[in-house]
Amino acid sequence: MSDNTDLRIAVLGVGMMGADHVARITDRISGARVTVINDYLTEKAEQVAATVPGARVVADPLEAIAADDVDAVVLATPGPTHEKQLLACLEAGKPVMCEKPLTTDAATSLEIVKREAELGRKLIQVGFMRRFDAEYEQLKAAIVGGELGQPLVMHCAHRNPAVPPYFDSAMIVKDSIVHEVDVTRFLFAEEIISVQVIRPTANSLSGTDLQDPQIAIFTTETGRHVDVEAFVTTGLAYEVRTEVVGELGSAMIGLDVGLVRKTRPGVWGGTITPDFRVRFGAAYDAEIQRWVHAVRSGAETGNYVDGPGAWDGYAAAAVCEAGVRSLETGERVTVDMVDRASIPGA
Ligand SMILES: NC(=O)C1=CN([C@@H]2O[C@H](COP(=O)(O)OP(=O)(O)OC[C@H]3O[C@@H](n4cnc5c(N)ncnc54)[C@H](O)[C@@H]3O)[C@@H](O)[C@H]2O)C=CC1
Ligand SMILES: O=C1[C@@H](O)[C@H](O)[C@@H](O)[C@H](O)[C@H]1O
C-alpha cells in the first residue's frame, strides 16, 4: 500500500541485501516507498528500479541522499563506503538505516557517533537484524525474566555456505562475527572488554585462502565468556545457533527440533535455511517496518531510530578491531573504547 504520506526512501547499493530491502519496502511493509535507487553499477540500479513503480535511478550516491524526493536512506553498500555516505546523511539531516558494519574501524565509527551527537538527533540505525528475530527475542526474555538464572557462558555457531570472492579473513570478524558481538551486547546488556581469535586448521575444501573457520572468545565486563565458531565456507547451508548457559539452566536457539545431523538443505529432520535472507527474512521485515514507523514519528521526538544505533555500531567496531588484531597474533586483545558518558547525546 502506498500513498502520498509514505516515507520516500533512497536505497544505495542494490546487490544482495539492497535488492532484498527494495523488495521488502515495496511489497512487504507499509508506510514507505522507494523513490530513488543508486548503485555503483548503474545498470544494476536500472534493473532493480524497473521492478519498482515510480522509482528513479540517481547515478551519484551523494546526490541520491540529498535528493528532494528522499526523506530517508537505506545504505546497503559495502562497509568501506558507509563512512562517507553516513556523513552525507547527517549533513542532509536525513534518517538512515545503515547495514552493518557501521564503518570498518573504530575511529571512523566514533567520528560518526560524535557527529550525530552534535546534531542532537538520533538519525542512524544499524542493521543488526538479529535483535528483531523472534527466537533472539525469546532468548532475551528468558534471560531478563530470570528463567536461566545468572547467565555465565554463551556458545555460538555461525555458518555460511559461502561468502563473496572479495571476502578476506578480517571480514570474517568484521562482517560475520560482528553479529555475535552485537548479540552479546544485546542479550547481556554489557560491553565486551577483550577478544581472542583462534585459528583452527583451515577448510581445505573452500577454494580460498581464508583463515576459515575462526573461533572467537569474548570476555564481558562482568567476566562472562562467549565463544563463537565462525565458519563461512561450509558449502552447505546457513546455520546460526546460540546457546546461553546460566546458573539455573540453559536455552538454545537456531537448532531445528529433531535435527541431529546436518549435511545440506532439507536432508535431515527439520529444515536448514540456505542463506540469511531466508533465516532472518521476518527479522529484516520487522527491522525495516519498525524503522519506518520511528522515522515517521521522529520529528516529534528527535529520535528516528527503533533498535541499535550509532553507539552500538561503534561498540561493535571497537570489539571487531580488537578481534582483527588478535587474528593476526593469536593473543587476547583488550578492547579500546571511549566512555559513552564522555560524548553528551551519544
Ligand atoms: N544484516 C545482514 O544480515 C546482512 C548485511 N549485509 C551488509 O549489507 C551491505 C551490502 O552487502 P551485500 O548486499 O552482501 O553486498 P553486494 O556486493 O551484494 O552488494 C553491494 C552493492 O553495492 C554497490 N556499490 C559498491 N560501492 C558502492 C558505492 N560507493 N555507492 C553505491 N553502490 C555501491 C555494488 O555495485 C553492489 O551492487 C554490507 O554492509 C554487508 O555487510 C550483507 C548481508 C547480510
Ligand atoms: O551479515 C551477513 C553477511 O554480511 C555475512 O557475510 C554473514 O556471515 C552473516 O551471516 C550475514 O548475516
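**Helix packing and a buried loop threonine**

In this predicted model, helix α1 (residues 16-28) and helix α9 (residues 281-301) approach each other with their axes coming within 10 Å and crossing at roughly 65°, an angle that makes α1 roughly perpendicular to α9. The crossing in which α1 passes α9 is right-handed. On the α1 side the contact is formed by M17, D20, H21, R24, I25 and R28, and on the α9 side by G281, Y284, D285, E287 and I288. Sorted by class, the residues of the contact between α1 and α9 comprise 4 nonpolar, 2 polar and 5 charged.

A second helix pair consists of helix α6 (residues 134-144) and helix α7 (residues 169-188), which pack at an angle of about 40° with their axes 9 Å apart; α6 is therefore oblique to α7. Here α6 contributes Y136, L139, K140 and I143 to the contact, while V183, F186, L187 and F188 are contributed by α7. In the contact of α6 with α7, 7 residues are nonpolar and 1 is charged, with no polar residue present.

Outside the helices, T234 is located in the loop that lies between β10 (225-231) and β11 (239-246). With a relative accessible area of 18%, T234 falls under the 20% cut-off and therefore counts as buried. The side chain of T234 reaches the backbone nitrogen of L236 at 3.1 Å, and, when neighbours within four places in sequence are left aside, T234 is in contact with R159, N160 and P161.

Methods. Residues numbered from 1 in each chain as written. Chains lettered and ligands numbered in written order. Predicted model: local features only at pLDDT ≥ 70, side-chain atom pairs only at ≥ 80, totals over all residues. Heavy atoms only, no water. Axes fitted to C-alpha atoms, helices over the stretch in contact; angles between N-to-C directions. Helix = DSSP H or I, 4+ residues; strand = E, 2+ residues; numbered from the N terminus. Parallel < 35°, antiparallel > 145°, perpendicular 65-115°, else oblique. Contact = heavy atoms within 4.5 Å. Nonpolar A, V, L, I, M, F, W, Y, C, P; charged D, E, K, R; others polar. Left-handed = near helix turned anticlockwise from the far one by under 90°. Buried < 20%, exposed > 50% of the residue type's maximum accessible area, 1.4 Å probe, protein only. Polar contact = N/O pair within 3.5 Å; in protein donor to acceptor, adjacent residues only side chain to side chain.
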